[in-house]
Amino acid sequence: MVVNQAAGGVVALRATDAATLSATFAGLDGAAVDPGATTVTITREGDGTAVATGAAASGTGAAARTYALTGEQTATLDRLTVVWTSAQQSGGSPATITQVYETVGDWLFTVAEARAAHPDLTAPTYGDPAIAAARQRIAEWFEEICGVAFAPRYRRVVASGDGTCELLLPGAMLPTAVRRVEERERGATAWVAFGAEDLADVLAEPWGALVRESRGVWTLGRRNWRIAFEHGHAAVPPPIRRAAIRLLLHQIIPSNLSDRSLSETNSLGTFRLAAPDATRWGRWTGLPEVDSVLAEYHRRAPGLA
């Protein structure tokens, strides 16, 4: 897979997949320019370690610069900060492009599954990048609606301790593994990480809480704890996969109905069309077969009977 990302935004990569990252340097007029020799530095958010430091990127002339990641380098769920540095000067300093990638456990659906769902979803008209971008938007939207990720993901949050043994992770259901815990003392800016024993003492509860079992409490403070963790369903539930593909087809394949249509009249009569309604629960997309699946997964707490 080749991923070309402009500065800004987050692009998802599937864990253990090899991926070729790409960046294009442009001038003030937006046209691609030759950046000269270009290097890449890639850093993991989870523990701050480097995947690559000053590695040479491939490419010549005004063509995109690329760097190949192996499946081993993408195997850990994480966020990767990628900094491309050009040998050319811009304002007296080397020109840089900064990108952020996230490695996720799985896709809601593959591009091949999407194409198999509709004969019009052909490669000449709908390229892989367009389908992948729509898939990522849908994954983010489904997670926002239901409060849980439908495939394993990495996340880092800052939370406030209340002096008890339980800490509620903001906006995160179904945490599955705690990767790193850091504490900040009042008035300080430096974060101090837990050692192995303290980290092993932290238990993750499916409703989004972390419990210190026997080695202390979550010290009282404001935004004094930083937690890196993995969360989400171990595998994409089949109903969610089907709903995501149905929504994709609705969003990207043109319809002969106007986006503003509320009803349709044909030889059988007049029919009221379903429409999304942000003011009503369960009408998120306006597609009954999709909204019914989201309502089902919205109602139940993951991991609980």
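**The lining of a cavity and the setting of Leu199**

By class, the residues that line the largest cavity divide into eight nonpolar, six charged and one polar. The model in which this cavity is found is a predicted one, and a search of the whole structure yields one cavity of 30 Å³ or more. The volume of the largest cavity is about 220 Å³, and among the 15 residues of its lining, those closest to the centre are Val104, Asp106, Leu108, Ala139 and Arg153.

As for where the lining comes from in the secondary structure, strand E8, which covers residues 93–104, and helix H2, which covers residues 128–146, each contribute at least two residues to the lining of the largest cavity. Helix H2 provides the largest share of that lining, namely five residues.

A second place to follow in the model is Leu199, which lies in helix H3, the element made up of residues 196–200. Is Leu199 buried, partly exposed or exposed? Leu199 counts as partly exposed because its relative accessibility is 22%, and the partly exposed class takes in values between the under 20% that defines buried and the over 50% that defines exposed.

Once the neighbours within four places in sequence are set aside, the residues in contact with Leu199 are Val178, Arg179, Arg180, Val181 and Phe194. For one of these contacts, Val181, the separation from Leu199 can be given in two ways, as 18 residues along the sequence and as 6.8 Å in space from C-alpha to C-alpha.

Notes:
Residues numbered from 1 in each chain as written. Predicted model: local features only at pLDDT ≥ 70, side-chain atom pairs only at ≥ 80, totals over all residues. Heavy atoms only, no water. 1 Å grid on protein atoms, 1.4 Å probe; cavity = no way out; pocket = protein on both sides within 12 Å on 5 of 7 lines; lining within 4 Å. Points joined across faces, edges and corners; volume = space filled by probe spheres on them. Helix = DSSP H or I, 4+ residues; strand = E, 2+ residues; numbered from the N terminus. Nonpolar A, V, L, I, M, F, W, Y, C, P; charged D, E, K, R; others polar. Buried < 20%, exposed > 50% of the residue type's maximum accessible area, 1.4 Å probe, protein only. Contact = heavy atoms within 4.5 Å.
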